[in-house]
Amino acid sequence: MREEVGPRVTIVAATKYVSPADMAVLAEAGVEVVGENRAQDLERKHVEYGDTFRWHFIGHLQSNKAKVVNRICELVHSLDSESTARRLTVPALLEVNLSEEETKSGIAPDDLPRFLSLYRDVRGLMTMPPETDDPESSRPYFRRLAELAREHGLHELSMGTSQDYRVAAEEGATLVRIGSVLYG
């Protein structure tokens with residue numbers, strides 16, 4: 001028997017490859033939440049669109065860019081360093097590197113308690129499983145992230161992208177970051 005997907009999953013339209021001019025199409029389509037990967041692109045797009053969208057930061061955040069993100073974003077999905085935690089003032093999700101890939105950002109699961117004590121406004125967790133053509137291979141990573149969130153009393157889960165968002169939703173995602181499936 002298959003479990004029902006939870007009622008609340010927010011789509012975060014990833015805008016890394018969307019030009020500022022094309023952001024108007026997202027607004028016309030009724031997109032409410034956008035996620036940007038680069039602070040300089042976030043700033044440029046926000047100047048033009050302001051409160052048209054709810055802004056999330058979904059890329060790797062360097063501490064020297066926290067000021068821009070603090071001013072614009074309602075949520076950061078990718079907190080993973082002490083220096084950024086010291087400079088961030090908006091709610092955040094801790095990025096957890098469950099795949100232990102050296103090329104991916106994120107903290108080790110064992111570092112969760114320490115990071116939770118560093119930053120008082122952690123709302124949940126985020127992860128990026130290894131890239132794959134089979135969405136089902138992401139399921140163990142999503143399931144493990146949901147377990148970690150429960151263990152630490154966290155409620156937000158940012159997991160899933162265009163290739164595996166359905167599996168992420170089935171495993172409890174509250175936020176999915178999609179791009180290519182929206183833009184083709």
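This report walks through a few strands, crossovers and buried residues in a predicted model.

Some ground rules before we start. In this predicted model, local features need pLDDT of at least 70 and side-chain atom pairs count only at pLDDT 80 or more, while totals for chains, interfaces and linings use all residues. Residues are numbered from 1 along each chain as its sequence is written, and side-chain values use heavy atoms, with hydrogens and water left out.

**Strands and crossovers**

Helices (H or I, at least four residues) and strands (E, at least two) are DSSP runs, numbered from the N terminus. Strands pair if DSSP finds at least two bridges between them. Strand 2 (residues 33-36) pairs with strand 3 (residues 54-57) in the parallel sense, over 4 bridges. One bridge has V33 partnered with R54 in strand 3. Put helix 2 (residues 39-49) together with strand 2 and strand 3 and you get a right-handed β-α-β unit. Right-handed here means that, with the strands pointing away from the viewer, the path from the first strand over the helix to the second runs clockwise.

Next along, strand 3 and strand 4 (residues 75-79) run parallel, joined by 2 bridges. H56 sits opposite L75 in strand 4. The chain gets from strand 3 to strand 4 by way of helix 3 (residues 66-72), in a right-handed β-α-β crossover.

**Two buried residues in helices**

Buried means under 20% relative accessible area, exposed over 50% and partly exposed in between (1.4 Å probe, protein chains only). Contact means heavy atoms within 4.5 Å. A85 belongs to helix 4 (residues 82-87), and L145 to helix 6 (residues 139-151).

| Residue | Relative accessible area | C-alpha to C-alpha distance |
|---|---|---|
| A85 | 7% | 7.8 Å to S63 |
| L145 | 0% | 7.9 Å to V96 |

Leaving out residues within four places in sequence, A85 is in contact with L79 and Y119. With residues up to four places away not counted, L145 touches a list including V96, L98, L125 and L157.

**A buried aspartate**

D164 lies in the loop between strand 7 (156-158) and helix 7 (165-170). What is the nearest side chain of opposite charge to D164? That is R177, 6.9 Å away, and buried D164 has no salt bridge. A salt bridge needs a side-chain nitrogen of Lys or Arg within 4 Å of a carboxyl oxygen of Asp or Glu; for charge, Lys and Arg count as positive and Asp and Glu as negative, with His and the chain ends not counted. The side chains of D164 and S138 do share a polar contact of 2.8 Å (a pair of N or O atoms within 3.5 Å; within protein, one must be able to donate a hydrogen and the other to accept it, and residues adjacent in sequence count only if both atoms are side-chain atoms). Apart from residues up to four places away in sequence, D164 also touches P129, P135 and F142, among others.
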